[in-house]
Amino acid sequence: MGHSDDLHIDSPSGSIAWIDATAGIAGDMLLGALIDAGADLERVQSVLDTVIPGSVKLTKRTVDRCGQRSLKVDVELLVENPPHRTWTSIRDMLESARGAVPERTIDLGLRVFGMLAKAEGRAHGIDPEDVHFHEVGALDSIADVIGACEAWRQLGIGEATGSTIAVGSGRIRAAHGDIPVPVPATAYLAEGWPTVAGDLLPPRPHGHSHAHDHDHAHSHPHAHDHEHGHQHDHEHPLPEHAAGGPHAAAAPPSGVAPGIGELATPTGVALMRGLATSYGPMPGMVTRAVGIGAGTKDTPGRPNVVRVFIGESYPHA
């Protein structure tokens, strides 16, 4: 298990957290990390059964992501052809659940979906009230948002800090056609937050002045220029999934969009913005639980996971 017995579910909202999205973030990944950190999946399911009865079933399984153990939460749809929903209908649905669902879960869910509606409205040039949620409004995404907010509440997290978000690069096909990464809603949601494409750099060659004696093959979480007097020779091939990215030596094959695809979804970034109160490196804290949530893909060279660290702050010396 990824959680510590020292962390008490439903403790007062005095714990702090750090969300590590340096490999990307999606709703199911954050939900998996929070369940791995100690939140109760059955109680999350109970909340979802109240909000969207008979619609989804959550299951969890331990998986391997590039050699790292992590928890994958899957959302099974129990209804065919789920309806598209407007922000107004989602808000009414959540408000009507007050009394049966914890207040904090409802309030957090409203905040996250409000951010999604505003971003989608900007992307389509319409009033947020008129936004029809397609991909982000499907039942599985409602399950991700409300599930993550309920798990967050259970873990008693008050303030949280988030890392730089890896958003991806290239182009993807979505409901509205071939669109660039980050997709418009993600781009708007990320305004004011540090982001990076997240493409993998080739392994650093040995032999320059600050070479290490040990064998290593690491990736940099940020793009950077080498203007400090060293000429790095990036002749090592990129992993297959990264071919065509900004560090590739040759153009991608015909018909393949350049870049590594979408690493951060609108739902994932909205959850980061709705739950984290600030951005930056991990704050000074005594960690009581670590949760690791897996994405669907197993990406070569980079564990496709979101990590959550939960604990208590301590005064700096």
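Here is a short chat between a trainee and a mentor about the predicted model above.

Trainee: Before we start, what should I know about this model?
Mentor: It's predicted, so local features need pLDDT of at least 70 and side-chain atom pairs count only at pLDDT 80 or more, while totals for chains, interfaces and linings use all residues. Residues are numbered from 1 along each chain as its sequence is written, and side-chain values use heavy atoms, with hydrogens and water left out.

Trainee: How many helices and strands does the protein chain have?
Mentor: We take both from DSSP runs, numbered from the N terminus: helices are H or I with at least four residues, strands are E with at least two. On that basis the protein chain comes to 7 helices and 15 strands.

Trainee: What share of the protein chain's residues count as buried?
Mentor: Buried means under 20% relative accessible area, exposed over 50%, and partly exposed in between, using a 1.4 Å probe and protein chains only. Of the 317 residues, the buried share is 48%.

Trainee: Does the span of helix H4 agree or disagree with its residue count?
Mentor: H4 covers residues 103-124, which is 22 residues. The expected span is 1.5 Å times one less than the number of residues, so H4 should span 32 Å. Its end C-alpha atoms are 31 Å apart, so the two agree.

Trainee: Which helices and strand do the buried residues of H4 pack against?
Mentor: The buried residues of H4 include Ile106, Leu110, Phe113 and Ala117. A contact here means heavy atoms within 4.5 Å. The partners are helices H2, H3, H5, H6 and H7, plus strand S5.

Trainee: Of the 2 aromatic pairs, what kind is Trp18 with Phe309?
Mentor: Rings of Phe, Tyr and Trp (its six-membered ring) pair if their centres lie within 6.5 Å; planes under 30 degrees apart count as stacked, over 60 as edge-to-face and the rest as tilted. Trp18 in strand S1 and Phe309 in strand S15 tie together parts 291 residues apart in sequence, and both residues are buried. Their centres are 5.7 Å apart with planes at 45°, so the pair is tilted.

Trainee: And what kind of pair do Trp193 and Tyr279 form?
Mentor: Trp193 sits in the loop between H6 and strand S11, and Tyr279 in strand S13, 86 residues apart. Their rings are 5.3 Å centre to centre with 65° between the planes, which makes the pair edge-to-face.

Trainee: Is Tyr279 of that pair buried, exposed or partly exposed?
Mentor: Its partner Trp193 has a relative accessible area of 8%, so Trp193 is buried. Tyr279 comes in at 48% relative accessibility, so Tyr279 counts as partly exposed.
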